Amino acid sequence: MKRPELIARFLIVTGILLAVGAPLFLWARTPLIHARMAEDGGWNPDIIQAQVGKPLHLKITSDDVVHGFAVGQMDMQSVDILPGKVTDITLNFDKPGIYTFYCTRWCGLNHWRMRGTIEVSGSPLDPEPVSPPLYVSLDLDLDAPHEAPLIPADQPSAINGQPLTATNSITLSREDYLTHSPYDVFTELKNTSLTEEQRWDVVAYIWQSNTTSVSFANGKELYAQNCAACHGENGAGDGVFADDLAIAGESSMQSMEGAMDMVMQSPVDFTDPHRMLGASPALLQGKILRGGMGTGMPMWGSIFTEEQIWDLIAYIYSFQFEYQN
């Protein structure tokens, strides 16, 4: 065999080995992340390092039940993590920060505690200005009582409110919608010729007109995935985990043991008109971002984007109002 031919064969074989072996080498060096129910440890490891502009390859497996994996504030579909199987995921980050990854499956009572962080270092590829959340700008006290002193006798109807709003030339800016409760707006309509029932119908229409069909559908999906397990599919605070949360809370109050259990309380009832009609969207934004301190309600600020939170809030109000389909 002549020397040029020998060199050519050597280069071809070397290329094949690199093409096949390099991915296998990198895959083998990627650490395996284990997912377990929160009571048994949650994610392990639960802190991961990454760099802006460099793909992050993850291998994840479940040691018990089916879990889901997603990263908050990222445009990605959740991925199921199956027991005994390894799932490969590749993530890309365009700005530094601490990202929260979490379980998207209702895997147990402490499902929402299955969270970990990805610490991303480097310079942002596309810097964006940062502004405080609206509830912070308004300096709202999230824990102050906000119940509406007067509620409608029947569920207000956006369908009935639409012609009344047009006939009486009633308008409300987006800013006023975000910063006022339904009861505030109902009160401001007292100088019109409308009856109390009609004023509530106008409020229902205004609240519906501040969302779109796409945003409303997104809020409904977010609610079903992240809130219904505790608050119930119909918002009545009777989700599949509600009884267990109440029992855990009562037990901890009697025994005074376990800080984790002590903070658990029954989920909020979104069908309660006193509570919901007295709450502005900005107030609900704060409660979702921060979580319910002392109640067991987790903070969602690291999970949802601002747009997702407004979509979710628009859907939550639908438990109070009759909207057009």
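**Strand β9 and the nonpolar cores**

In this predicted model, the bridge partner of Y102 in strand β9 is R115. That pair belongs to the contact between β9 and strand β8, residues 97-102, which run antiparallel and are joined by six bridges. Strand β9 also pairs with strand β3, residues 47-51, this time in the parallel sense and over five bridges. Within that second pairing, I47 has T117 of β9 as its bridge partner.

Strand β9 itself spans residues 115-121 and has two faces. G116, I118 and V120 make up the covered face, while R115, T117, E119 and S121 lie on the uncovered one. The bridge partners named above, R115 and T117, therefore both sit on the uncovered face of the strand.

The nonpolar cores come next. In soluble globular proteins, nonpolar side chains tend to be buried together. Here the largest nonpolar core has 46 residues, and V203, W207, Y223, F304, L312, Y317 and F321 are the ones that touch the most other members. Several helices each supply at least two residues of this core, including α3 (158-167), α7 (213-226), α12 (281-290) and α13 (306-316). Helix α6 gives the largest share, seven residues.

W207 shows what such a position looks like in detail. Leaving aside residues up to four places away in sequence, W207 touches L172, Y177, H180, S181, P182, V185, P281, Y317, F321 and Y323. Two of these contacts, Y317 and F321, are also among the residues of the core that touch the most other members. Apart from this core lies another, made of 22 residues, among them A35, V52, I60 and F93.

Conventions. Residues numbered from 1 in each chain as written. Predicted model: local features only at pLDDT ≥ 70, side-chain atom pairs only at ≥ 80, totals over all residues. Heavy atoms only, no water. Buried < 20%, exposed > 50% of the residue type's maximum accessible area, 1.4 Å probe, protein only. Helix = DSSP H or I, 4+ residues; strand = E, 2+ residues; numbered from the N terminus. Pairing = 2+ DSSP bridges. Core = buried A, V, L, I, M, F, W, Y, C linked by side-chain atoms within 4.5 Å. Contact = heavy atoms within 4.5 Å.
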